[in-house]
Amino acid sequence: MKHKTLWITFAVIVILGIFLFSWVKGTYNTMVTQDENVKTAWSQVENQYQRRMDLIPNLVNTVKGYATHEKETLESVINARARATQTTIDPSNLNEESMKKFQAAQGELSSTLSRLMVTLERYPELKANQHFSELQAQLEGTENRISVERKRFNEVAQTYNTYIRSFPANILARIFNFQAKTYFTAQTGAEKVPKVEF
């Protein structure tokens, strides 16, 4: 009888051990998969920003021939591109501070590109140039792609963040050091209505 009780106790411990191992393994692997999904989504965001970076030199060279008086504006675009190129984020360390720096650099580049496009409205011969029109269309398309990829990134990051914060997965997330990912957010002041003057 004592021998039988010992075997039953041993069987229960083994079954509980197998169950616990399966749960830890499944939860851990799900966190790894979702973390990799976040990194993949981040790579797509970077790909679109890189596409924009690659278009800028062509745009600047095309504009140089027509808008020689806009040297200061062109230099600000080139400098903003250089700063944006230098600001990168390791996808395994997507924290709020690094995301703010990245967004600030990309926002500065977007702002200087917008100023350039507004300035170039004064040059009808440039606007009629087919190469410039194609570059402008590609740049606009890239800005839309950036927006789409940022949205996808936020969705994937939300799924990951929700999973690692949910009980009981949050226990293993703390043990294995899975950190929440930072979202893309609107730039400071974006909630204000822009002032339009004629």
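Glutamate 36 and lysine 39 sit three residues apart in helix α1, so about one helical turn separates them. Their side chains meet in a salt bridge, 3.6 Å from N to O. Glutamate 36 is partly exposed, at 40% relative accessibility. Here buried means under 20% relative accessible area, exposed means over 50%, and partly exposed lies in between (1.4 Å probe, protein chains only). A salt bridge is a side-chain nitrogen of Lys or Arg within 4 Å of a carboxyl oxygen of Asp or Glu.

This is a predicted model, in which local features need pLDDT of at least 70 and side-chain atom pairs count only at pLDDT 80 or more, while totals for chains, interfaces and linings use all residues. Residues are numbered from 1 along each chain as its sequence is written, and side-chain values use heavy atoms, with hydrogens and water left out.

## Overall form

The protein has six helices and zero strands. From the N terminus the order is α-α-α-α-α-α. The radius of gyration is 26 Å, well over the 16 Å that the globule rule gives for 198 residues, so the protein is more spread out than a compact globule. That radius is taken over C-alpha atoms, and the rule is 2.2 Å times the number of residues to the power 0.38. The C-alpha trace spans about 100 × 30 × 25 Å along its principal axes. Helices (H or I, at least four residues) and strands (E, at least two) are DSSP runs, numbered from the N terminus.

Buried residues make up 32% of the 198 residues. The protein exposes about 13,000 Å², and carbon and sulfur atoms supply 57% of it. Accessible areas come from the Shrake-Rupley method with a 1.4 Å probe; for residues, only the protein chains shown count as cover. Among contacts with a separation of 6 or more, 80% are between residues 24 or more positions apart. Contact means heavy atoms within 4.5 Å.

Helix α5 has 36 residues. Its first and last C-alpha are 52 Å apart, close to the 52 Å expected at 1.5 Å a residue. The expected span is 1.5 Å times one less than the number of residues. Its buried residues include Phe132, Leu139, Glu149, Phe153 and Asn161.

## Salt bridges

The whole structure holds nine salt bridges. Three of them are tabulated here.

| Pair | Closest N to O | Accessibility |
|---|---|---|
| Glutamate 36, lysine 39 | 3.6 Å | glutamate 36: 40% |
| Arginine 52, glutamate 143 | 2.9 Å | arginine 52: 0%; glutamate 143: 28% |
| Lysine 100, glutamate 96 | 3.5 Å | lysine 100: 54%; glutamate 96: 49% |

Lysine 100 and glutamate 96 are four residues apart in helix α3 (residues 96-119), so about one helical turn separates them. Salt bridges with shared partners join Asp35, Glu36, Lys39 and Lys181 into one network.

What does arginine 52 pair with? Its partner is glutamate 143. Arginine 52 lies in helix α1 and glutamate 143 in helix α5 (residues 130-165), so the pair ties together parts 91 residues apart in sequence. Arginine 52 counts as buried, whereas glutamate 143 is partly exposed.

Arginine 52 also touches glutamine 106. Glutamine 106 lies in helix α3 and is buried, at 3% relative accessible area. Its other contacts are Tyr49, Met53 and Ala84, not counting residues up to four places away in sequence.

## Aromatic pairs

A search of the whole structure finds eight aromatic pairs. Tyrosine 28 and phenylalanine 178 form one that is edge-to-face, 5.7 Å centre to centre with 70° between the planes. The pair links distant parts of the chain, 150 residues apart: tyrosine 28 is in helix α1 (residues 2-66), and phenylalanine 178 is in the segment after α6 (169-175). Rings of Phe, Tyr and Trp (its six-membered ring) pair if their centres lie within 6.5 Å; planes under 30 degrees apart are stacked, over 60 edge-to-face, and the rest tilted.

Tyrosine 28 is partly exposed at 32%. Phenylalanine 178 is buried at 13%. Elsewhere, ring pairs link Trp42, Tyr49, Phe102, Phe153 and Phe184 into a cluster.

## Backbone details

Most residues other than glycine have a negative phi, and most peptide bonds are trans. A cis peptide bond joins phenylalanine 167 and proline 168, with omega about 5°. Proline 168 lies in the loop between α5 and α6. Asparagine 177 has a positive phi, near 60°. Asparagine 177 is in the segment after α6 and is exposed, at 53% relative accessible area.
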